[in-house]
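Grab a coffee and work through these exercises with the viewer open. Try each task yourself before reading its solution.

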Amino acid sequence: MDTVFIRDLSMDAVIGVFGWERQVHQKITINLEMATDISMAAETDDLEYTLDYKAISQRIRALVDENQPKLVETLIELIATTIMQEFNIPWLRISIAKPGAVRGSAAVGVTIERGARV
């Protein structure tokens with residue numbers, strides 16, 4: 001199985017449990033690895049046979065904009081479930097980081113893996 005990835009996808013999000021966090025946008029960074037078979041895309045040179053990382057990135061941005069969860073855990077599960085279903089992905093690893101969320105740290109966040117690498 002091959003891997004298509006998106007690294008350091010940055011965007012602003014309303015996310016957090018504190019009152020002030022519900023009133024502002026905070027930067028989040030998303031890293032995503034997705035299992036797929038790229039052999040047909042390589043053979044045909046056709047985007048139809050691989051994962052369209054632009055479309056996936058746009059879908060993630062829409063999910064972040066449409067949902068304003070309190071927890072990173074909620075957002076990461078929503079993104080993982082949606083991307084796997086809508087883009088027919090059997091396995092993914094996704095991380096969401098909130099830079100500067102904890103004083104003295106570069107970032108805090110969550111990483112999950114879902115599905116099975118075939």
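**Exercise 1. Is Asp 45 buried or exposed, and what is the sign of its phi?**

Start with accessibility. Asp 45 has a relative accessibility of 73%, and the cut-off for exposed is over 50%, so Asp 45 counts as exposed. Keep in mind that you're looking at a predicted model.

Next, find its place in the chain: Asp 45 sits in the loop between α1 (39-44) and α2.

Now the backbone. Most residues other than glycine have a negative phi. Asp 45 isn't a glycine, yet its phi is positive, at about 60 degrees.

**Exercise 2. Work out where Asn 88 is found and what its phi is.**

Go to the loop between α3 and β3; that's where Asn 88 is found. Its phi is positive, about 55 degrees, although Asn 88 is not a glycine. For accessibility, the value is 68%, so Asn 88 counts as exposed.

**Exercise 3. Give the strand order of the open sheet and name its edge strands.**

Step one is the order. Four strands make up the open sheet, running β1-β2-β3-β4, with antiparallel pairing.

Step two is the edges. β1 (2-13) and β4 (107-115) each pair on one side only, which makes them the edge strands.

Step three is the twist. Ignoring direction, neighbouring strands of this sheet are turned against each other by 15 degrees on average.

Step four is counting bridges. β1 and β2 pair over 10 bridges in the antiparallel sense. Strand β2 (residues 26-36) and strand β3 (residues 91-99) are also antiparallel, over six bridges. If you want a position to click on, Glu 33 has Arg 93 in β3 as its bridge partner.

**Exercise 4. Which strands do helices α2 and α3 touch as they pack on the sheet?**

Take helix α2 (residues 53-66) to begin with. It packs on the sheet by touching β1 and β2, and its direction makes about 35 degrees with that of β1.

Then move to helix α3 (residues 72-87). This one touches β2, β3 and β4 as it packs on the sheet, and its direction makes about 150 degrees with that of β3.

**Exercise 5. Find the residues that touch the most other members of the largest nonpolar core.**

The core holds 28 residues, and the ones touching the most other members are Met 34, Ile 60 and Ile 79. Two or more residues each come from β1, β2, α2, α3, β3 and β4. The top contributor is α3, which gives seven residues.

Zoom in on Ile 60. Leaving out residues up to four places away in sequence, Ile 60 touches Leu 9, Met 11, Ile 30, Leu 32, Ile 79 and Ile 83.

**Exercise 6. Why is β2 described as largely enclosed, and how does Thr 29 rank for burial?**

Count the buried residues of the strand. Eight of the 11 residues of β2 are buried, so the rest of the structure largely encloses this strand.

Now pick out Thr 29, which is in strand β2. Its relative accessibility is 11%, and buried means under 20%, so Thr 29 counts as buried.

Check the surroundings. Ser 10 stands opposite Thr 29. Beyond the neighbours within four places in sequence, Thr 29 is in contact with Asp 8, Leu 9, Ser 10, Ser 95, Ile 96, Ala 97 and Pro 99.

**Exercise 7. How far apart in space are Arg 114 and Arg 103?**

Place Arg 114 before you do the distance: it lies in strand β4. From C-alpha to C-alpha, Arg 114 and Arg 103 are 30 Å apart, with their positions 11 residues apart in sequence.

Then list what Arg 114 touches. Not counting residues up to four places away in sequence, these are Glu 77, Ala 80, Met 84, Pro 90, Trp 91 and Leu 92. At 30% relative accessibility, Arg 114 counts as partly exposed.

**Exercise 8. What is the volume of the largest pocket, and which residues are closest to its centre?**

The volume comes to about 270 Å³. The lining has 18 residues, and the closest to the centre are Glu 21, Val 72, Lys 98, Ala 101 and Val 108.

To finish, sort the lining by element. α3 and β4 each supply at least two residues, and β4 has the largest share, with three.

How values were computed: Residues are numbered from 1 along each chain as its sequence is written. This is a predicted model: local features need pLDDT of at least 70, side-chain atom pairs count only at pLDDT 80 or more; totals for chains, interfaces and linings use all residues. Side-chain values use heavy atoms; hydrogens and water are left out. Two strands pair if DSSP finds at least two bridges between them. Axes are lines fitted to C-alpha atoms, for helices over the stretch in contact, and angles run from 0 to 180 degrees between N-to-C directions. Contact means heavy atoms within 4.5 Å. A nonpolar core is a set of buried Ala, Val, Leu, Ile, Met, Phe, Trp, Tyr and Cys residues joined through side-chain atoms within 4.5 Å. Buried means under 20% relative accessible area, exposed over 50%, partly exposed in between (1.4 Å probe, protein chains only). On a 1 Å grid over the protein atoms alone, a cavity is a set of points where a 1.4 Å probe fits but cannot get out, and a pocket is an open set with protein on both sides within 12 Å along at least five of seven lines; lining residues have an atom within 4 Å of a point. Grid points are joined across faces, edges and corners, and a volume is the space filled by probe spheres set on the points.
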